[in-house]
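Me: Could you walk me through a close look at a single part of this structure, and then carry on to the regions that bind the eye? I would be glad of one connected answer.

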Amino acid sequence: MADLYNSIDEIMEQARKAVGHRVSEFNVNNRPLSKNNKGVIGQVVEEGVFHYPINSNHEADFANLGVELKVTGLKKNKNKLTMKERLVLNIINYMDEATVDFEHSSFWLKNRLILLIFYLYEYERNDFDFRFLEAFLHEFAPKDLEIIKKDWEFIHNKITSGLAHTLSEADTLYLGAAPKGAGHGGDLREQPFSNIKAKQRAYSLKASYMNTVVDTLFNKEKLEAIFNYEELAIKTFEELVEERLRPYYGKSENELFSMFGVNENAKSKFNILVGKMLGIKGVINKTEEFKKAGIELKTVRVEEDGHIEQHMSFPYFKYEEIVNEEWETAEINEKLSSTKFMFVVFKRKAGIFYFNKIKFWNMPFEDIEKYVKPIFEETVRVIRKGDIVKYDTGSKYLTNFPGSSVNGVCHVRPHDQKSVRNMTKGLPLPTPDKVTGLTQYTKYCFWLDRDYIIEVIT
DNA sequence: GCATGATCATGC
DNA sequence: GCATGATCATGC
């Protein structure tokens with residue numbers, strides 16, 4: 001490609017010509033809208049805004065200036081703009097990537113400067129009617145880059161250890177290895193140190209990370225940081241968190257609450273407590289690092305005999321939406337594949353809970369495929385067929401949803417304020433229930449079994 | 001004791 | 001008002 005632009009200023013000036021306009025105004029080659037071409041808006045921008053032909057170069061789009069162009073959608077919910085999805089970067093060639101270091105990686109060579117062009121995604125509109133909102137040159141902050149380097153190293157380690165097939169987006173904090181391409185057994189790629197074919201993946205900037213970029217840009221939000229550059233440069237985020245919390249291991253719950261003046265009745269008491277132990281002013285899930293990485297804190301209370309009382313719940317699913325989902329892009333799959341959890345473990349001794357340890361964890365790719373996928377598929381089947389209720393016991397409805405006896409890892413159970421009998425407003429069903437004739441039902445969600453959680457933390 | 005459905009309680 | 005973390009209740 002001829003170097004059409006000689007400076008970043010020129011590029012930005014050109015980019016800003018699109019802002020406020022609709023995609024259709026730049027469709028100079030009359031590209032058709034197509035479900036099979038998800039990148040069509042990006043192509044229209046390349047041709048119609050920047051006047052260069054589309055390509056699949058390894059180099060950044062504006063190679064002479066090292067700027068990569070990314071066109072991506074934002075959604076508006078409750079007047080707040082958020083990413084429609086993660087920002088997907090280049091595909092990881094496991095064979096090539098294994099041979100380089102970070103400075104020479106395909107990620108760094110292509111994406112160190114990213115020209116982001118945001119458009120407003122509106123479900124009810126034709127894609128070509130979407131309007132461009134903003135053009136912004138993204139450069140990684142030094143602190144973020146330290147975390148991203150370690151993320152890259154983690155991915156690199158899996159490749160050089162012959163474990164590319166176990167990669168998961170939730171393995172890492174800001175830079176992820178996101179699935180790319182349709183599933184169904186296709187899109188498998190060879191890896192250098194194992195005969196097992198690995199799912200094709202691309203580097204991605206996680207939706208959680210990108211949302212903080214969007215927040216800073218559009219909502220002018222500022223977040224409290226836990227660690228500074230010097231700390232992040234020498235240790236991993238997980239090591240730093242562990243280090244700051246370790247002095248409190250072995251202290252009882254009450255001791256900790258009174259030590260830091262935390263109200264024990266507060267619902268977010270553990271969120272507040274962990275924040276205090278880390279030495280920050282606010283709550284943990286509002287900090288820069290936790291928000292960018294999308295880490296979710298979960299407290300786990302281990303009883304004296306080593307079991308835990310509670311299964312772990314996830315947001316409820318909407319019946320009308322879940323029946324239209326494909327496993328590859330299903331909400332529960334995306335959630336488990338991209339979320340890292342921080343377990344704050346308490347152990348009971350002589351009736352009292354003591355702070356035992358923390359553990360960062362994300363559900364392994366193989367477990368998600370082996371245990372969650374069949375539960376998801378059975379759940380969808382049951383809803384589609386109007387087959388939810390098995391029979392009426394007189395006091396409650398027994399269902400055909402896959403329960404906790406199915407595989408010991410994942411199950412489906414109610415999660416609502418109201419039971420089916422007492423509901424005033426349930427969620428609409430796509431198919432009326434055959435046994436009861438109900439057209440709406442109480443909220444259900446996916447759960448991870450407590451025995452599985454126990455296994456994970458020990 | 002566990003499976004499974006039902007419900008409470010806090011706080012955004 | 002409702003999402004979500006936390007628990008309860010019943011029956012096999």
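Which residue takes a positive phi just after α5?

Reply: Happily! That residue is G162, with a phi of about 70°. A word on conventions: this is a predicted model, in which local features need pLDDT of at least 70 and side-chain atom pairs count only at pLDDT 80 or more, while totals for chains, interfaces and linings use all residues. Residues are numbered from 1 along each chain as its sequence is written, chains are lettered from A and ligands numbered from 1 in the order in which they are written, and side-chain values use heavy atoms, with hydrogens and water left out.

The helix before G162, α5, covers residues 142-160. Helices here are DSSP runs of H or I with at least four residues, strands are runs of E with at least two, and both are numbered from the N terminus. From first C-alpha to last, the 19 residues of α5 reach 26 Å, close to the expected 27 Å; that expectation is 1.5 Å times one less than the number of residues. Among the buried residues of α5 are L145, I147, I148, W152, I155 and I159, but also K143, D144, E146, D151, H156 and K158. Buried means under 20% relative accessible area, exposed over 50% and partly exposed in between, using a 1.4 Å probe and protein chains only.

Chain A is assigned domain 1 (2-219), domain 2 (229-361 + 452-457) and domain 3 (366-449), with bounds from an automatic or database domain assignment. Taken over C-alpha atoms, the centres of domain 2 and domain 3 are 27 Å apart. Between these two, 23 residues of domain 2 are in contact with 32 of domain 3, where contact means heavy atoms within 4.5 Å.

I383 gives a closer view of one buried position. This residue is in helix α14 (residues 365-384) and has a relative accessible area of 1%. Beyond its neighbours within four places in sequence, I383 is in contact with F317, Y319, I322, V323, I388, F401, P430 and T431.

Now to the DNA. A residue counts as near a strand if one of its heavy atoms lies within 4 Å of it. For DNA strand B there are 17 such residues, the closest being K267, T399, S404, D416 and S419. Sugar or phosphate accounts for 71% of the strand B atoms within 4 Å of the protein, and bases for the rest. Some polar contacts (pairs of N or O atoms within 3.5 Å) go to bases: the side chains of R413, at 3.2 Å, and Q417, at 2.8 Å, each approach a base nitrogen of strand B. N422, by contrast, has a side-chain N or O atom 3.0 Å from a phosphate oxygen of strand B. The elements giving two or more residues to this surface are β15 (397-399) and β16 (410-414), and the largest share, three residues, comes from β15.

DNA strand C has 13 residues around it, with K267, Q310, Y316, Q417 and K443 the closest. Here 43% of the strand atoms within 4 Å of the protein belong to sugar or phosphate, and the rest to bases. Phosphate oxygens of strand C lie 2.8 Å from a side-chain N or O atom of Y316 and 3.3 Å from one of T299. H415 places a polar side-chain atom 2.9 Å from a base nitrogen of strand C.

Definitions and conventions. A polar contact is a pair of N or O atoms within 3.5 Å; within protein, one must be able to donate a hydrogen and the other to accept it, and residues adjacent in sequence count only if both atoms are side-chain atoms.
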